[in-house]
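I opened this entry to look up salt bridges, sheet pairing and pockets. My notes follow in that order.

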Amino acid sequence: MSLLHRILPDGIAVETSRPAPEKLLAGDPVHSTWNIEDRGGLFCGIWESTPGKWAVAYDEWEYVHIHSGPSILTDAEGTAPHLRAG
């Protein structure tokens with residue numbers, strides 16, 4: 001049995017959403033999510049967004065791998081690393 005599992009959205013219904021109006025800071029971003037697996041609150045999937053800026057608050061740990069495009073995640077202190085694919 002292989003320990004590797006390729007994550008593909010094939011056959012998974014896409015969920016489309018937008019940030020809540022009170023969290024929207026710029027643009028009109030549209031989010032697409034393919035939830036591939038859920039094991040007791042641990043999720044695996046693919047997420048993408050069109051350009052925009054919105055506020056988020058996380059209370060959980062998240063692993064992210066950027067496949068394409070840039071992202072800027074600004075924390076409460078104003079630190080804003082520029083993230084890119086790879």
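I took a salt bridge to be a side-chain nitrogen of Lys or Arg within 4 Å of a carboxyl oxygen of Asp or Glu. The model is predicted, and I counted side-chain atom pairs only at pLDDT 80 or more.

**Entry 1: salt bridges**

How many salt bridges does a search of the whole structure find? I got 2.

I looked at Asp28 and Arg18 to begin with. Their side chains meet in a salt bridge at 3.0 Å, N to O. I then placed both residues in the chain. Arg18 sits in the loop between β1 and β2 (24-27), and Asp28 in the loop between β2 and β3, so the pair ties together parts that are 10 residues apart in sequence. Is Asp28 buried, partly exposed or exposed? Its relative accessibility is 49%, so I logged Asp28 as partly exposed. The cut-off for exposed is over 50%.

I turned to Arg39 and Glu37. Their side chains also form a salt bridge, at 2.3 Å, N to O. I checked accessibility here too. Arg39 comes out at 62% relative accessibility and therefore counts as exposed. Glu37 has a relative accessible area of 29%, so I put it down as partly exposed.

**Entry 2: the sheet**

I traced the strand order next. The sheet is open, has 3 strands and runs β1-β3-β4, with antiparallel pairing. Which strands are the edges? I noted β1 (15-17) and β4 (42-49), each pairing on one side only. Ignoring direction, I read an average turn of 30° between neighbouring strands of this sheet.

I went through the β1 and β3 pairing. β3 covers residues 31-39, and 3 antiparallel bridges link it to β1. Two partners went into my notes. Thr16 stands opposite Ser32 in β3. Glu15 has Thr33 as its bridge partner in β3.

I followed β3 across to β4. These strands run antiparallel and are joined by 8 bridges. Ser32 turns up again here, opposite Glu48 in β4. I also checked the hairpin of β3 and β4. It has 2 residues between the strands, and Gly40 takes a positive phi near 55°.

**Entry 3: the largest pocket**

I moved on to open space. The largest pocket has a volume of about 2400 Å³. I found 49 lining residues, and the closest to the pocket centre are Trp47, Tyr58, Glu62, Val64 and Leu73. Which elements give two or more residues to this lining? I listed β3, β4, β5 (52-54) and β6 (71-72). β4 gives the most, with 8 residues. I split the lining by class: 26 residues are nonpolar, 16 are polar and 7 are charged.

**Entry 4: the second largest pocket**

I repeated the lookup for the second largest pocket. Its space is about 290 Å³. I wrote down the lining: Leu3, Leu4, His5, Ile7, Glu37, Arg39, Leu42, Phe43 and Cys44. Glu37 and Arg39 are in that list, and I had already recorded their side chains as a salt bridge. β3 and β4 each supply at least two residues of this lining. Which element has the largest share? I found β4, with 3 residues. By class, I counted 6 nonpolar, 1 polar and 2 charged residues in the lining of the second largest pocket.

Note on methods:
Residues are numbered from 1 along each chain as its sequence is written. This is a predicted model: local features need pLDDT of at least 70, side-chain atom pairs count only at pLDDT 80 or more; totals for chains, interfaces and linings use all residues. Side-chain values use heavy atoms; hydrogens and water are left out. Two strands pair if DSSP finds at least two bridges between them. Helices (H or I, at least four residues) and strands (E, at least two) are DSSP runs, numbered from the N terminus. Axes are lines fitted to C-alpha atoms, for helices over the stretch in contact, and angles run from 0 to 180 degrees between N-to-C directions. On a 1 Å grid over the protein atoms alone, a cavity is a set of points where a 1.4 Å probe fits but cannot get out, and a pocket is an open set with protein on both sides within 12 Å along at least five of seven lines; lining residues have an atom within 4 Å of a point. Grid points are joined across faces, edges and corners, and a volume is the space filled by probe spheres set on the points. Ala, Val, Leu, Ile, Met, Phe, Trp, Tyr, Cys and Pro count as nonpolar, Asp, Glu, Lys and Arg as charged, and the others, Gly among them, as polar. Buried means under 20% relative accessible area, exposed over 50%, partly exposed in between (1.4 Å probe, protein chains only).
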